[in-house]
Amino acid sequence: MTEKPILELKDVYTYFYTESGIVEALDGVSFDVMKGEPVGVVGESGCGKTVTAHSTLRILPKNGKTVSGDIIYKGVNLLDLPDLQMRKIRGKEIAMIFQDPMTSLNPIFKISDQMTEVIALHRRCSKKEALEIAIESLDQVGISEAETRITDYPHQFSGGMRQRILIARALALQPSLLIADEPTTALDVTIQAQVLGIIKDMQQKLGLGMMLITHNLGVVAEITKRVHIFYGGRVVESGYTEDIFVNPKHPYTYALFESIPSLEADKTRLMTIPGNVPRLINPPKGCRFHPRCKYATEICSRMRPPEHKFGRGRRVACHHFEELDLHVGKEAILDRAAVKEEV
Ligand SMILES: Nc1ncnc2c1ncn2[C@@H]1O[C@H](COP(=O)(O)OP(=O)(O)OP(=O)(O)O)[C@@H](O)[C@H]1O
Ligand code: SF4
Ligand SMILES: [Mg+2]
């Protein structure tokens, strides 16, 4: 891995315009992904993870718009690119895997049709060569008898197999960056571990930059090198996964770790932090976490916390981070995280 960002978001604001008002979904988001580096994007539901991915690929719904900031991919600001060039980047350069594999596959076409056309287009090869590439990549993600199964339809595969097919299709295009948005949430727990294992292997084998969006801190610990913690449309803490796990500095990060169920019997429980995630129409002033933060003081409800930078690329947006000592041992977290040994 060379120390060069392949993707850099700088102060990105994305809004949705609705009848009830403006949803400030991304409120000055900055982070980067290095070439060949697996990076995690973590946070509770509604904190802007998917909007970040969609802003990057410029696939926001009609009522959404990135109103300011830069999204630099390989030195080019994607927000300035003409549509035609952006279309070439999508898929070929930056691939995306979504949560629900069924929505990304067309039920009425064979897998071969859904793979070869896009491969032939992006890799500029014949249909015959594209078919060979498709079979090889299906084989790589563990679809047995890929040569015959490629003529099947999506419904003839299980959810886990369909997600493998989508991974194969994404990787057959030889992208430099993979954005995986909760790629296993819709799958059974045992299948989740297998699919995550494949994503991890492929990322390493192909030296892909990766933005892995997930709720699951166990997955983050196993797969990512750095992590960006989101809250209420902002990045509240960033750094090396290891550093953050050993010594979280932001009260929200700490609360996330604390919310991992500790008992074996509780492992299916979803993580919860007391209070509700903020609505992003008229969000809380100052620090968006203040209504739920046990360390909040008067300044927190009034002033947006500045970002403190220290250590090896660590960033923390909290007024009181220097006074707080929020220690959590990595082992303790891994112990409590749901997918410990399975990934
Ligand atoms: N089309 C839309 N119109 C209005 N608001 C939207 C739209 N899409 C997303 N939002 C809002 O943007 C915010 C961020 O949503 P986003 O989908 O990025 O959350 P997320 O972090 O991906 O959550 P999850 O973990 O549930 O997938 C939420 O408040 C959401 O309600
Ligand atoms: S700025 Fe204040 S409210 Fe926000 S996380 Fe820090 S202590 Fe809590
Ligand atoms: Mg999402």
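In this predicted model, helix 1 contributes the largest share of the shell around ligand 1, namely 3 residues. Helix 1 spans residues 49-57, and at least two shell residues come from each of helix 1, strand 1 (5-18) and strand 2 (21-34). In total, ligand 1 is surrounded by 16 residues, and the closest of these are Ser45, Gly46, Lys49, Thr50 and Val51. The composition of the shell around ligand 1 is mixed, with 7 nonpolar, 7 polar and 2 charged residues.

Several polar atoms of the protein approach oxygen atoms of ligand 1. In the case of Ser45, a polar side-chain atom is placed 2.4 Å from an oxygen atom of the ligand. The side chain of Lys49 brings an N or O atom to 2.7 Å from an oxygen atom of ligand 1. At Cys47 the backbone takes part, with a polar atom 3.2 Å from an oxygen atom of ligand 1. The area that ligand 1 exposes when taken alone is 640 Å², and 69% of that area is buried by the protein.

The surroundings of ligand 2 were examined next. A shell of 13 residues encloses this ligand, in which Cys287, Cys293, Cys300, Cys318 and His319 are the closest. By class, the shell around ligand 2 comprises 9 nonpolar and 4 polar residues, and no charged residue is present in it. The site of ligand 2 is the largest cavity.

The cavity search returned 1 cavity of 30 Å³ or more, and the volume of the largest cavity is about 80 Å³. Its lining is formed by His250, Pro251, Cys287, Cys293, Tyr295, Ala296, Cys300, Pro305, Cys318, His319, His320 and Leu324. Cys287, Cys293, Cys300, Cys318 and His319 thus belong to the lining of the largest cavity and are also the residues closest to ligand 2. The lining of the largest cavity contains 9 nonpolar and 3 polar residues but no charged ones.

Among the open sites, the second largest pocket has a volume of about 340 Å³. A total of 18 residues line this pocket, and those nearest its centre are Gly91, Ala95, Met96, Arg169 and Leu173. Four elements each provide at least two lining residues: helix 2 (83-92), strand 6 (94-97), helix 3 (111-123) and helix 6 (159-172). The greatest contribution to the lining of the second largest pocket is that of strand 6, with 4 residues. When sorted by class, the lining of the second largest pocket consists of 12 nonpolar, 3 polar and 3 charged residues. Charged residues are therefore part of the lining of this pocket under the classification applied, whereas the lining of the largest cavity has none.

Note on methods
Residues are numbered from 1 along each chain as its sequence is written. Chains are lettered from A and ligands numbered from 1 in the order in which they are written. This is a predicted model: local features need pLDDT of at least 70, side-chain atom pairs count only at pLDDT 80 or more; totals for chains, interfaces and linings use all residues. Side-chain values use heavy atoms; hydrogens and water are left out. A residue is near a molecule or strand if one of its heavy atoms lies within 4 Å of it. On a 1 Å grid over the protein atoms alone, a cavity is a set of points where a 1.4 Å probe fits but cannot get out, and a pocket is an open set with protein on both sides within 12 Å along at least five of seven lines; lining residues have an atom within 4 Å of a point. A molecule sits in a cavity or pocket if more than half of its atoms lie within 2 Å of its grid points. A polar contact is a pair of N or O atoms within 3.5 Å; within protein, one must be able to donate a hydrogen and the other to accept it, and residues adjacent in sequence count only if both atoms are side-chain atoms. Accessible areas come from the Shrake-Rupley method with a 1.4 Å probe; for residues, only the protein chains shown count as cover. Grid points are joined across faces, edges and corners, and a volume is the space filled by probe spheres set on the points.
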